[in-house]
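Trainee: May I ask for a close look at the charged side chains of this protein, and at how they join separate parts of the chain? Please explain each term as it arises.

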Amino acid sequence: MNVRELALDAYTIIMDAGGYSNLVLNQMIEENDLIKEDRGLLTEIVYGAISNKMTIEYKLAPFLKTRVKRWQRNLLILSIYQLDYLDKIPSYAVINEAVEIAKEVGGRQSANQVNGILRNYLRSEKRDPSTIQNIQRRISLQYSLPKWIVKQLISHHGEETTEEIAKSLLERPKMYLRTNKKKTDRESLIDTLTEEGVRAEISPVHSDAIHVKGGGLTNTRGYKDGLFGIQDASSMCVNYALQLDIDDTILDACSAPGGKGFHALESMKDGHVDFCDIHEHKLLLIKQEAKRLGHKNLTISLKDAAESDYGKMYDKIIVDAPCSGLGVIRRKPEIKYKVREEDIESFVELQLSILNNAVKYLKPGGVLVYSTCTLHQMENENVAYTFKKSHDDIEFDSFQIEPFEFEGTNRQILPHEFGTDGFYIARFVKKA
């Protein structure tokens with residue numbers, strides 16, 4: 001299979017069969033032993049077409065004069081992404097490849113149909129979503145963000161900020177590393193990475209964060225020696241809210257993949273973290289990561305955070321709750337099409353169930369930090385305030401994120417602010 005055939009298969013698995021973009025692409029790259037250039041092109045085409053799907057469909061619609069099959073629509077979307085967004089690939093090459101794929105999959109008639117649509121598209125004037133008058137519809141179609149998400153963001157952040165958010169969600173995600181302070185410091189880690197050809201620089205978002213460019217991180221000596229973890233910088237800000245002491249006993253209630261708990265261990269001299277998750281296969285990943293990083297003061301247990309008995313009391317509890325994931329759309333663009341507005345209520349119910357159970361195991365005077373990787377107000381501020389109101393012994397508590405010049409009890413980190421994932425953090429204290 002060539003790259004564009006693989007792209008059609010990957011896109012179809014992700015968009016029509018519920019596959020996860022990162023897993024599907026990783027598997028295809030591994031199974032087909034692609035060279036670096038082909039890996040890059042496959043990733044670009046698939047992620048780009050998914051990210052810009054709604055915009056492409058809006059521009060394509062007038063050229064679909066007859067009914068097309070689902071696979072043909074997918075092939076057209078992938079082809080138009082290349083025509084409109086990639087300037088290094090000649091138009092004739094894109095169309096010829098699409099026609100050959102169509103012929104192989106559906107025969108000559110399908111190939112002629114795809115050929116006619118693409119050639120007509122190429123030589124004709126296209127609809128421009130930026131000219132749409134209705135603000136919600138314009139932002140939705142211009143930035144490929146479902147209208148229900150746009151509407152929710154506008155109601156909470158206003159039109160101007162919503163457009164900035166929507167635009168930023170089409171950008172390439174940045175890669176951040178968390179310095180394992182048990183083994184090195186940030187400056188030394190940057191030197192180590194630089195020696196291995198990795199472009200690395202300090203991130204202003206967190207004092208342990210490094211921004212890197214380029215791939216192959218897992219093949220570096222620094223990775224194999226456990227000098228860093230891979231974690232978004234906004235997620236590291238949970239560490240600010242924890243305000244750790246040297247010997248805290250901590251529960252990481254929804255641990256996988258474990259970054260926040262590992263960050264806590266790396267920030268304490270003698271502290272202990274209990275990593276818990278409901279998915280057994282994810283616990284294995286935490287065990288493997290703990291071994292790579294060289295961490296000892298921890299336990300890893302299979303627990304349902306909404307109802308399990310933890311059997312002990314904790315100084316600090318991290319509840320990084322399951323959520324809609326709208327803050328990580330840059331990394332997993334299919335999320336914005338798969339999550340429905342009616343799904344939010346079930347996330348809210350689960351988040352409150354986890355908080356209401358976890359707080360039972362928090363010592364008087366102890367701190368609970370609630371976080372999500374979503375942008376939806378109902379899962380963030382609404383959950384935090386509802387939780388607080390239902391517990392007389394719980395109060396909001398202030399924390400600082402100095403790089404943001406922030407001091408307060410809860411903070412929604414928006415993706416356009418610092419080039420990180422969208423993230424929410426709230427800090428609570430149990431009355432002594």
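Mentor: A salt bridge is counted when a side-chain nitrogen of Lys or Arg lies within 4 Å of a carboxyl oxygen of Asp or Glu. The structure is a predicted model, in which local features need pLDDT of at least 70 and side-chain atom pairs count only at pLDDT 80 or more, whereas totals for chains, interfaces and linings use all residues. Residues are numbered from 1 along each chain as its sequence is written, and side-chain values use heavy atoms, with hydrogens and water left out.

Let us begin with D320 and K260, whose side chains meet in a salt bridge with an N to O distance of 3.1 Å. D320 belongs to strand β8 and K260 to helix α14 (residues 259–266), so this pair ties together parts that are 60 residues apart in sequence. Helices (H or I, at least four residues) and strands (E, at least two) are DSSP runs, numbered from the N terminus. Both D320 and K260 are buried. Here buried means under 20% relative accessible area, exposed means over 50%, and partly exposed is in between, with a 1.4 Å probe and protein chains only.

Strand β8 takes part in a further bridge. K316 forms a salt bridge with D248, and their closest N and O atoms are 2.8 Å apart. This pair also links distant parts of the chain: K316 is in strand β8 (residues 314–320), while D248 is in the loop between α13 (238–242) and β5 (249–252), 68 residues away. K316 and D248 are both buried.

A third pair is E97 and R4, which form a salt bridge with 4.0 Å between the closest N and O atoms. E97 sits in helix α6 (residues 91–106) and R4 in helix α1 (residues 3–17), and 93 residues separate them. What is the burial state of each partner? E97 is partly exposed, because its relative accessible area is 23%, whereas R4 counts as buried because its value is 14%. Elsewhere, K53, E57 and R73 are linked in a network of salt bridges. By the rule given above, the count comes to 24 salt bridges.

We may now turn to the domains. The protein is divided into domain 1 (3–127), domain 2 (134–170), domain 3 (171–230) and domain 4 (232–430), with bounds from an automatic or database domain assignment. The C-alpha centres of domain 1 and domain 2 lie 26 Å apart. Their contact (heavy atoms within 4.5 Å) takes 6 residues from domain 1 and 9 residues from domain 2. How many salt bridges are there between domain 1 and domain 2? The count is 0. There are, however, 5 residue pairs in polar contact across this interface, both residues being at pLDDT 80 or more. On the side of domain 1 that touches domain 2, the largest share, 4 residues, comes from helix α4 (residues 53–60). A polar contact is a pair of N or O atoms within 3.5 Å; within protein, one must be able to donate a hydrogen and the other to accept it, and residues adjacent in sequence count only if both atoms are side-chain atoms.

A polar contact also appears at T220, in the loop between β3 and α11 (221–224). The side chain of T220 reaches the backbone nitrogen of Y223 at 3.2 Å. T220 counts as buried because its relative accessibility is 4%. Apart from neighbours within four places in sequence, T220 is in contact with E196, V198 and F228. F228 is found in strand β4 (residues 228–230), and is buried because its relative accessible area is 0%. Not counting residues up to four places away in sequence, F228 touches several residues, including L177, L217 and R292.

L177 leads us to the strands. Strands pair if DSSP finds at least two bridges between them. Strand β1 (residues 175–179) and β3 pair in the antiparallel sense over 4 bridges, and the bridge partner of L177 in β3 is I210. Strand β2 (residues 199–202) also pairs with β3 in the antiparallel sense over 4 bridges, with R199 facing K213 as its bridge partner. β2 and β3 form a hairpin with 6 residues between them. Strand β3 (residues 209–213) is mostly covered, as 4 of its 5 residues are buried.
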